[in-house]
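Reader: Hello! I would like a close look at a single part of this model, with its surroundings filled in afterwards. Could you walk me through it?

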Amino acid sequence: MTQERKRPTNHESVDVEDRQMPLYGRYGDAPWEATITDRAKTTSGTETDPFHGVIEPGSQDYGIAWEFGIHSAVGGFHDAPNPGDILCAALAACLDSTIRIVAGRLDVTLEHLAVEVTADVDVRGTLVVEQDVPVGFQEMQCHVDIRAADGTDPELVKQLIDAAEYSCVNLQTLRSGVPVETNVDVDQG
């Protein structure tokens, strides 16, 4: 049983329950099918320009590639989204879509939704200017600007946000951390 992959038009409504209900039984009967693998890979970059590259997101070929650059705070040109921007974008996209999916499950009509994610980092750590400054973002903030249809119970909107935060894969991954393993293939040729 596979989900239809037809993408709706901008004005076509998608019923969340119709899309998700078959998955509950499927994953109950075959829990191993609930484990998926996402991926992204870099596809170009040159030895002469360490400040730019291209990344292809997705576990299948979507025909999409993003140019990325490096922030001027670490010597880059700041002329394309940097990896931190892409991390913020991944969290914003995940939280936004999770809110909309949960809204569909709760029959909450959203009139407006925008999710903005910001992240703060002290780059002295990555540049090894100060040994005691940690490498990585020290703090991330999610700002959700949401408006439900008139007459929606504010408690239902709070329930929606709580459920979305609980179910947002990227948010929970960042909050709890995840082991990351690096494997390197060295070409000696």
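To begin: where is the place of His52?

Author: Happy to. Please keep in mind that this is a predicted model. His52 has its place in strand 2, which covers residues 49-57.

Let us start with the exposure of His52. Its relative accessible area is 25%, so His52 counts as partly exposed, the band for buried residues being under 20%. Two polar contacts involve the side chain of His52. One is with the side chain of Asp49, at 2.7 Å, and another is with the side chain of Asp79, at 2.8 Å. Asp79 turns up again in the wider list of contacts: setting aside neighbours within four places in sequence, His52 is in contact with Gly45, Phe68, Gly69, Phe77 and Asp79. For one of these partners there is also a backbone distance: His52 and Phe77 are separated by 25 residues in sequence, and their C-alpha atoms lie 8.7 Å apart.

Gly69, a contact of His52, leads us on to Asn82, because Asn82 is in contact with Gly69 as well, along with Ile70 and His71, when neighbours within four places in sequence are left aside. Asn82 sits in the loop between strand 3 (66-69) and helix 2. With a relative accessible area of 9%, Asn82 is buried, whereas His52 is partly exposed.

That brings us to the wider setting. The chain has four helices and five strands, and along the sequence they run in the pattern α-β-β-β-α-β-β-α-α. Taken along the principal axes, the C-alpha atoms fill a box of roughly 55 × 40 × 30 Å. Of the 189 residues in the chain, 20% are buried. Among contacts with a separation of 6 or more, 46% join residues that are 24 or more positions apart; the pair His52 and Phe77, at 25 residues apart in sequence, are in contact too.

Now for the interior. The largest nonpolar core has 18 residues, and those touching the most other members are Leu95, Ile99, Val115, Val117, Leu160 and Cys168. Helix 2, strand 4 and helix 3 each supply at least two residues of this core, and helix 2 gives the most, with eight residues. Val117 shows what such a position looks like in detail: leaving out residues up to four places away in sequence, Val117 touches Cys88, Leu91, Ala92, Met140, Gln141 and Cys142.

Helix 3 can be followed from end to end. It holds 14 residues, 154-167, and at 1.5 Å a residue it should span 20 Å; the C-alpha atoms at its ends are 20 Å apart, in agreement with that. In helix 3, Val157, Leu160 and Ala164 are buried. They cover an arc of only 55 degrees around the axis, and therefore lie on the same side of helix 3. Turned away from that buried side is a face carrying the exposed residues Glu155 and Tyr166. Among the elements that cover the buried residues of helix 3 are helix 2 (83-105), strand 4 (110-121) and strand 5 (137-148). At the start of helix 3, a side-chain oxygen of Asp153 comes to within 2.9 Å of the backbone nitrogen of Glu155.

Thr98 gives a view of this region from helix 2, where it is found. Thr98 is buried, with a relative accessible area of 10%. Apart from neighbours within four places in sequence, Thr98 is in contact with Ala164, Ser167 and Cys168. Ala164 is one of the buried residues of helix 3, and Cys168 is one of the core residues that touch the most other members.

Finally, the cysteines. The disulfide count comes to zero, the cut-off being a sulfur pair within 2.5 Å. Cys88 is in no disulfide, since its nearest cysteine sulfur, on Cys142, is 8.5 Å away. Cys94 is also in no disulfide: the nearest cysteine sulfur, that of Cys168, is 3.3 Å away, and the cut-off is 2.5 Å. Cys88 is buried, with a relative accessible area of 11%. Cys94 is buried as well, at 15%.

Note on methods
Residues numbered from 1 in each chain as written. Predicted model: local features only at pLDDT ≥ 70, side-chain atom pairs only at ≥ 80, totals over all residues. Heavy atoms only, no water. Expected span 1.5 Å × (residues − 1). Buried < 20%, exposed > 50% of the residue type's maximum accessible area, 1.4 Å probe, protein only. Arc of directions from axis to C-beta. Contact = heavy atoms within 4.5 Å. Polar contact = N/O pair within 3.5 Å; in protein donor to acceptor, adjacent residues only side chain to side chain. Core = buried A, V, L, I, M, F, W, Y, C linked by side-chain atoms within 4.5 Å.
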